[in-house]
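This note is addressed to a colleague who is meeting the structure for the first time. The points below take its pockets, one of its sheets and a helix contact in turn.

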Amino acid sequence: REDLWVREGKILNPEKLFFDEKGSADVQLDCKGSIIAPGFIDVQINGGFGVDFSLATDDFKSGIDLVSQKILSHGVTSFCPTLVTSPPSVYHQVLPQISVRNGGAHGAGILGAHLEGPFISREKKGAHPEHCLRTFEAGAFQDLLNTYGSLDCVRIVTLAPEMKRSSEVIRELTKRGVCVSLGHSVANLSQAEEAVQHGATFITHLFNAMLPFHHRDPGIVGLLTSDKIPVGRRVFYGMISDGIHTNPAALRIAHRAHPKGLVLVTDAIAGMGLAPGRHTLGQQVVEIDGLNTYIAGTKTLSGSVATMDTCVRHFQEATGCSVETALEAASLHPAQLLGIEHNKGTLNYDSDADFLMLNDSLYVQATYIAGQEVWRQDASGM
């Protein structure tokens, strides 16, 4: 029940304005009892609205522009376009076309790419094409550079930590400021802990595409309560809270075990926002049936078509957590994961004025980036 002051794209401490400048607001906006929350940050989104980030097309830039525009209505103000396992030629064509940029009326900001694969486990490849998977050969890090072509715009790399030579790769990526995520893996707990000791800080879609929890060796899931995490380091984990990828009870178990690490991700594919039917995910064809997305002709789940605001509402409903907790899982936690919490993910003074207005049921009413309204629900509810 208080005012939010914004100036020049930042959240302002009004004390300075009142006492030093003797100023007042130029524009006042009545938020009519809305909840004001930091903008959502999606660190794993493969595409949407017919656009697939893992397809090298001539108009890739217009595709990424379309997605960044459309996700504003779902409260996403920044995101990491995600590429699934692809041939090197795709990385070489697509990555130079992704540039880190601020959000605005044109769409959500781009924080850098998330490369999920191809250095992942065959047994837990999920919807990733087997013929494109790779292992680390001698000169492992150089091998990774050759595969991707460049790390200039890369923020997150998902790999399987049980692979030979993965430790040196994790160390090198971490040194370059790339966040290493563990996923699509059959790693046991000690392999996962070793990866964290070398610098890994994230788990890609917890429970999905990893060994199931076992009481004698809890695998990657065991990182949530491990006592081998370096002091001062927090392990974050992504969850696809769409009611399909993880049973609500599993969502509750993870959240209760390690609430401060939970990061909501959509893992959305090109079919998000489109009618059911056949769509693509990188090199594969997927079928959408309701909220389920399968590799065509199988029952292998392949990404989701849930939007971020849907995931937030489902998470809150499934766990019974507070509204603040649900909102932080989509804003503060991903910002902390990427080390940008001084600018994004909060409503603190001097942070970027990327925020949402939501009603009490957590439906987005308006989206603001750098203090400018970039989307608003019109009177007809559209």
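**Notes on the predicted model**

1. The second largest pocket has a volume of about 260 Å³. A total of 18 residues line this pocket, and those closest to its centre are G126, A127, H184, A209 and L301. Sorted by class, its lining has 10 polar, 6 nonpolar and 2 charged residues. The reader should bear in mind that the model is predicted.

2. For the largest pocket, the volume is about 1,700 Å³. Its lining comprises 46 residues, and the ones closest to the centre are E2, D3, L4, W5 and I36. By class, this lining has 24 nonpolar residues, with 11 polar and 11 charged residues besides.

3. Which helices and strands each supply at least two residues of the lining of the largest pocket? The strands are β1 (6-7), β3 (35-38) and β18 (355-358), and the helices are α1 (14-20) and α9 (323-329).

4. Strands β3 and β18 also belong to an open sheet of 4 strands, in which the order is β3-β18-β19-β20 and the pairing is antiparallel. At the edges of the sheet stand β3 and β20 (372-376), each of which pairs on one side only. Direction ignored, neighbouring strands in this sheet are turned against each other by 25 degrees on average.

5. Within that sheet, the antiparallel pairing of β3 with β18 extends over 4 bridges. One residue pair can be named here: A37 has L356, in β18, as its bridge partner.

6. The UniProt record, an unreviewed entry, carries the annotation "domain: Amidohydrolase-related" for residues 35-374. In the model, this span is 24% helix and 22% strand. The C-alpha atoms at the two ends of residues 35-374 lie 17 Å apart.

7. A helix contact completes the description. Two packed helices are described by the angle between their axes and the distance between the axes. For α4 (residues 140-148) and α5 (residues 166-175), the axes come within 8 Å and cross at roughly 60 degrees.

8. Which residues of α4 and α5 meet? From α4 these are A140, F141 and L144, while α5 contributes E168, V169, E172 and L173. By class, the contact between the two helices has 5 nonpolar and 2 charged residues and no polar ones. The charged residues in this contact are E168 and E172 of α5.

Terms used:
Residues numbered from 1 in each chain as written. Predicted model: local features only at pLDDT ≥ 70, side-chain atom pairs only at ≥ 80, totals over all residues. Heavy atoms only, no water. UniProt positions renumbered as here; feature names shortened; annotations may be inferred. 1 Å grid on protein atoms, 1.4 Å probe; cavity = no way out; pocket = protein on both sides within 12 Å on 5 of 7 lines; lining within 4 Å. Points joined across faces, edges and corners; volume = space filled by probe spheres on them. Pairing = 2+ DSSP bridges. Axes fitted to C-alpha atoms, helices over the stretch in contact; angles between N-to-C directions. Contact = heavy atoms within 4.5 Å.
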